[in-house]
Amino acid sequence: MPGWSYFNKIKGYKVYKNDYFVPMGFMYESFITKSELKKVEADYRSEAYLKAMVLSNEDILKYSSITGYSSDDINKLNEKSKSFKSKTESFEFGQDNYFSDCKKLINNSCSDFKYTKEGFKAEITNKGNDNLLFFSVPYDDGWSAYVNGKKAEIVRANIGFMAVKVNGNTKSKIEFKYNPVGFHTGIIITIVCGIIYFMYISVLILIYILKRKRYAN
């Protein structure tokens, strides 16, 4: 099987390992917009995600020092100007390209990743310039992120996943914590409703006791 190598034989089964497995948490060398992704044939879009991080127009401009895009680029893209040359035009697909793209991501991936009770933690040494570190974890408003102990903005990347900025030539410790939206509010409402219900039952019991005493007399 291309891309797989024999690892061991366990309980009579031959076990193979994926030589191009990309760890959780990695950085891209290139970026494109959602509209540029649409220019890629549907059959190859999954491979395109290995070549470039996909961002909204707003975020690709917000992090222009990393992505290399200018407002003029976005205007030309929106106007469908022929003078704008999308990176997707140079994308090449196929098995060899797939392996090459995986290797690039592996070389720019986290050295450590582990799940925690609240979310997950990771470490990465960025030997290049400032970049966005991508995690294939679904984006949700309940997530909060911290880079080297400081709260960081979570960027919505590759349509429905997450990324955070990491500084260049720096070892960064990243932590993501998840707290469902409305969780604390829900707890408060539950407690208040519990108290009201307890008071209601107490009143009913008190009325019942008073009636019993009344009839007994």
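Buried here means under 20% relative accessible area, and exposed means over 50%. Keep those cut-offs at hand for the exercises below, and remember that the model is predicted.

**Exercise 1. A helix with two sides**

Work out which residues of α6 are buried and which are exposed, and how the buried ones are arranged.

*Solution.* Let's start with the helix itself. At 1.5 Å a residue, the 13 residues of α6 should span 18 Å, and the 19 Å between its end C-alpha atoms agrees with that.

Next, sort the residues by accessibility. Phe99, Asp101, Cys102 and Leu105 are buried in α6. Now look down the helix axis: the buried residues of α6 fall within an arc of 165°, so they line one face. A general rule helps here: an α-helix has 3.6 residues a turn, so residues three or four places apart point the same way.

Then turn to the other side of α6, where Asp96 and Asn107 are exposed. Finally, ask what the buried residues pack against: the partner is β3 (26-27).

**Exercise 2. Salt bridges across the sequence**

Find how many salt bridges the whole structure holds, and locate the partners of Asp101, Lys62 and Lys171.

*Solution.* The search of the whole structure gives five salt bridges. Let's walk through three pairs.

1. Asp101 meets Lys51, with N to O at 2.9 Å. Asp101 belongs to helix α6 (residues 95-107), while Lys51 sits in the loop between α2 (45-48) and β5 (53-55), so the bridge ties together parts 50 residues apart in sequence. Both Asp101 and Lys51 are buried.
2. Lys62 meets Glu153, with N to O at 2.6 Å. This pair links distant parts of the chain, 91 residues apart: Lys62 is in helix α3 (residues 57-62), and Glu153 is in the loop between β10 (150-152) and β11 (155-157). Glu153 has 39% relative accessibility, so it counts as partly exposed.
3. Lys171 pairs with Glu123, their closest N and O atoms being 3.7 Å apart. Since Lys171 lies in strand β13 (residues 170-178) and Glu123 in strand β7 (residues 119-126), the pair ties together parts 48 residues apart in sequence. Lys171 is exposed, at 51% relative accessible area.

**Exercise 3. A buried charge**

Decide whether Glu36 is buried or exposed, and find its nearest side chain of opposite charge.

*Solution.* First, place the residue: Glu36 is in helix α1 (residues 34-37). Glu36 turns out to be buried, yet has no salt bridge. The nearest side chain of opposite charge is Lys87, 5.7 Å away; a salt bridge needs the nitrogen within 4 Å of a carboxyl oxygen.

Last, list the surroundings. Leaving aside neighbours within four places in sequence, Glu36 is in contact with Tyr69, Leu77, Phe84, Ser86, Lys87 and Thr88.

Methods: Residues are numbered from 1 along each chain as its sequence is written. This is a predicted model: local features need pLDDT of at least 70, side-chain atom pairs count only at pLDDT 80 or more; totals for chains, interfaces and linings use all residues. Side-chain values use heavy atoms; hydrogens and water are left out. Helices (H or I, at least four residues) and strands (E, at least two) are DSSP runs, numbered from the N terminus. Buried means under 20% relative accessible area, exposed over 50%, partly exposed in between (1.4 Å probe, protein chains only). The expected span of a helix is 1.5 Å times one less than its number of residues. The arc is that of the directions from the helix axis to the C-beta atoms. Contact means heavy atoms within 4.5 Å. Lys and Arg count as positive and Asp and Glu as negative; His and the chain ends are not counted.
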